[in-house]
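Work through these exercises with the model open beside you. Try each task before you read its solution.

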Amino acid sequence: MRIDFHTHCFPDKIAARAMDNLSRTAAIHPVTDGTATGLVSMMEEDGIDKSVVLSIATNAHQQKAVNDFAASIQSEKLCAFGSVFPGAPDALDELERIKMIGLCGVKLHPEYQQFYVDDEKMKPIYKKISELGLILTFHAGVDNGYLPPYHCMPKNLLRALLWLDTPVVAAHWGGQGCNAEVLDKLCGIEQLYFDTAYGYGTVVPALAKKIIEKHGADKILFASDAPWNRPSQDEYVIECLRLSEEEKEMIYYKNALKLLGGK
Ligand SMILES: [Zn+2]
């Protein structure tokens, strides 16, 4: 069984435009057409049973539409996270709605949403997410579409975690482009998970191996970042790390099943 804990898709009407903008900004060629149907057919090709779909609200007015879309695609194969825009006056109410409409968690993207994860203004949002028991995924580390400074580096995440009392997923092996710092600063933190999204071609394999050893295979979530990588590419990374069958089972699906609680 395979669960991909980090994927993206968009409403059919805007998928083509969104794919074009995002792929040009980051200079990455997408592997699906950006729709939910495109994602599910790629999952079938790559042997993925379930994907977590992460959407991001990039302004205050977009929140409701983003979360309604997320709710509309939930199925046996797709489990959707919602999003709030940190500066939105109704962000806390929208978090309650995210819980009410049955979304599994929240994705925040500190580059797209322009906030530091350890900014004090995030405290009420983190408190509400924790009270609601939602999983929180952060984009972490470098983003190819943006110039530095980046807003969720390991030192920032360390501080933010003090204000969070819920499972937190740091995407891209804990921080794209900062594997050594992740190994040094973030490994071993109880509430923290790392997803493997976009690791193919970016993670340093020897450091990935050490991160798993130090952080524990029970805290690593298999993920691709589709449509920017195929799940089969990130599966190749895991297969190259000489892990035990037991460790691989945890990474491929057991940890995700536990976190999602059967959703
Ligand atoms: Zn992503």
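**Exercise 1: A bent helix**

The buried residues of α10 pack against β1, β8 (220-221) and α9 (231-239). This comes from a predicted model.

Task: Find which residues of α10 are buried, and where α10 bends.

Solution.
- Step 1. List the buried residues of α10: M250, I251, Y252, Y253, N255 and A256.
- Step 2. Locate the bend. α10 bends by about 55° at I251, and I251 is among the buried residues.
- Step 3. Check the span. Helix α10 (residues 245-260) has 16 residues, so at 1.5 Å a residue it should span 22 Å. Its end C-alpha atoms are 22 Å apart, which agrees.
- Step 4. Look past the helix end. G261 follows α10 and has a positive phi, near 55°.

**Exercise 2: An open sheet**

Task: State the strand order of the open sheet of three strands, and name its edge strands.

Solution.
- Step 1. The order is β1-β2-β3, with parallel pairing.
- Step 2. β1 (3-7) and β3 (78-81) each pair on one side only, so they are the edge strands.
- Step 3. Take one pair. β1 joins β2 (residues 50-54) through three bridges, in the parallel sense. In this pair, I3 stands opposite K50.
- Step 4. Add the helix. α3 (residues 63-73) packs on the sheet and touches β2 and β3. The direction of α3 makes about 165° with that of β3.

**Exercise 3: Two positive phi values**

Task: Decide whether H172 is buried or exposed, and do likewise for R242.

Solution.
- Step 1. Recall the background: most residues other than glycine have a negative phi.
- Step 2. H172 is not a glycine, yet its phi is positive, about 60°. H172 lies in the loop between β6 and α7 (179-185).
- Step 3. Count for H172. It has 28 other C-beta atoms within 10 Å, so it is buried; the cut-off is 20 or more.
- Step 4. R242 also has a positive phi, near 55°. R242 sits in the loop between α9 and α10.
- Step 5. Count for R242. It has 8 other C-beta atoms within 10 Å, so it is exposed; the cut-off is 12 or fewer.

**Exercise 4: Cis peptide bonds**

Task: Give the omega of the bond from P148 to P149 and of the bond from A226 to P227.

Solution.
- Step 1. Most peptide bonds are trans.
- Step 2. The P148 to P149 bond is cis, with omega near 5°. P149 is in the loop between β5 (135-138) and α6 (154-161).
- Step 3. The A226 to P227 bond is cis, with omega near 15°. P227 is in the loop between β8 and α9.

Note on methods:
Residues numbered from 1 in each chain as written. Predicted model: local features only at pLDDT ≥ 70, side-chain atom pairs only at ≥ 80, totals over all residues. Pairing = 2+ DSSP bridges. Helix = DSSP H or I, 4+ residues; strand = E, 2+ residues; numbered from the N terminus. Contact = placed C-beta atoms within 7 Å. Axes fitted to C-alpha atoms, helices over the stretch in contact; angles between N-to-C directions. Expected span 1.5 Å × (residues − 1). Bend = angle between axes of the 7 residues up to and from the residue.
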